[in-house]
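Hi,

Here is the structure I said I would pass on. Have a look, and my notes on what turned up follow underneath.

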Amino acid sequence: MSFIEKSSPRPPKSSKVRLYSSRFDPYSAGIRYLLRAKGIDFEDCYINLQDKPDWYKDINPTGEIPCIEIDDEVIPESIIIYDYLEAKYPNVKMQRTDSAYKWSKDRLFVTRFTQNVTPKIGGCIKNPSENVDQLLAKLKKVSELMGMRGTDYIGGDSPNYADYYFFAWVEVIPSLKAAHDLKIDIHKDEAYKDYFAWVFRMDKDKYIEQDRTERNVNFKTRTEFIKTVIAGAPNIKVGL
């Protein structure tokens with residue numbers, strides 16, 4: 001991994017997958033989990049979002065992360081990256097493209113999650129009192145949908161891109177709870193049982209565990225990072 005700031009030179013082009021990301025960013029984490037699950041060797045470049053180098057806009061004019069670069073190919077936007085990686089590296093399937101219906105159901109899940117849940121998780125960082133109740137209501141609906149699916153994972157018998165995308169966001173919630181000392185106790189609520197059963201399975205995923213170890217991102221470091229965000233001085237090197 002490398003940390004890239006304003007003064008950092010642009011890395012030379014490479015045939016190896018380069019992921020421009022941030023250490024604690026959920027969008028980036030989901031891409032990392034998928035890269036590992038597909039067995040793709042990649043280079044992780046952490047962009048300092050508060051002090052980005054000028055050349056990064058040549059790569060992604062929006063200045064946003066995550067973004068993939070391979071030789072002259074540059075792909076921004078999380079969902080587009082998932083599709084690109086599936087098409088470019090098809091040996092390990094992470095999308096159910098063999099069934100138009102299942103593929104569409106997974107994409108709908110991701111789309112609805114992005115529209116309804118991620119804004120509430122992000123909102124809890126700075127304004128938990130305005131977002132936490134709505135977030136819990138959304139997660140209750142997610143649990144209901146998971147129960148209706150009747151499978152261990154969104155992807156069926158094993159995790160797929162939708163599972164990694166979703167988990168990268170909800171794994172932030174315990175740290176939000178700790179950072180803000182939120183009184184959330186829904187683990188024993190029957191309405192959330194299918195959601196938590198899925199969380200516990202995903203929490204043991206070997207690719208997620210590998211990523212956590214290599215990045216030293218866990219409950220403790222994520223909580224400390226969120227505290228730096230709340231304080232107005234994000235520190236992506238917490239714990240290193």
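Before the pockets, a word on residue classes: Ala, Val, Leu, Ile, Met, Phe, Trp, Tyr, Cys and Pro are counted as nonpolar, Asp, Glu, Lys and Arg as charged, and the others, Gly among them, as polar. Bear in mind too that this is a predicted model.

On that scheme, the largest pocket is lined by 18 nonpolar, 5 polar and 5 charged residues. Its volume comes to about 670 Å³. The lining has 28 residues, and Phe24, Asp25, Leu49, Phe225 and Val229 are the closest to the centre. As for where the lining comes from, at least two residues each are supplied by strands E1 (2-4) and E3 (42-47) and by helices H1 (26-37), H5 (118-126) and H11 (219-230).

Next, the second largest pocket, with a volume of about 440 Å³. Of the 21 residues lining this one, Val170, Pro174, His187, Phe196 and Val199 lie closest to the centre. By class they split into 12 nonpolar, 3 polar and 6 charged. Which helix gives the largest share of that lining? That would be H9, with 5 residues. Helices H7 (161-170), H8 (173-180), H9 (193-203) and H11 each put in at least two. H11 therefore turns up in both pockets, because it supplies at least two lining residues to the largest as well as to the second largest.

Now the sheet. It is an open one of 5 strands, ordered E1-E3-E2-E4-E5, with mixed pairing. Why do E1 and E5 (73-76) each have one side without a neighbour in the sheet? Both stand at the edges and have a single partner strand, so there is nothing in the sheet on the other side. From one strand to the next, the twist averages 25°. Strands E2 (residues 17-21) and E4 (residues 67-70) run antiparallel and are joined by 3 bridges. Across that pair, Tyr20 sits opposite Cys67 in E4.

That brings me to the cysteines. Searching the whole structure gives 0 disulfides. For Cys67, the nearest cysteine sulfur belongs to Cys45 and is 11 Å away, whereas a disulfide needs the two sulfur atoms within 2.5 Å. Cys67 has a relative accessible area of 0%, so it counts as buried. Cys124 is buried as well, at 1%.

Happy to talk any of this through.

Cheers

Methods:
Residues are numbered from 1 along each chain as its sequence is written. This is a predicted model: local features need pLDDT of at least 70, side-chain atom pairs count only at pLDDT 80 or more; totals for chains, interfaces and linings use all residues. Side-chain values use heavy atoms; hydrogens and water are left out. On a 1 Å grid over the protein atoms alone, a cavity is a set of points where a 1.4 Å probe fits but cannot get out, and a pocket is an open set with protein on both sides within 12 Å along at least five of seven lines; lining residues have an atom within 4 Å of a point. Grid points are joined across faces, edges and corners, and a volume is the space filled by probe spheres set on the points. Helices (H or I, at least four residues) and strands (E, at least two) are DSSP runs, numbered from the N terminus. Buried means under 20% relative accessible area, exposed over 50%, partly exposed in between (1.4 Å probe, protein chains only). Two strands pair if DSSP finds at least two bridges between them. Axes are lines fitted to C-alpha atoms, for helices over the stretch in contact, and angles run from 0 to 180 degrees between N-to-C directions.
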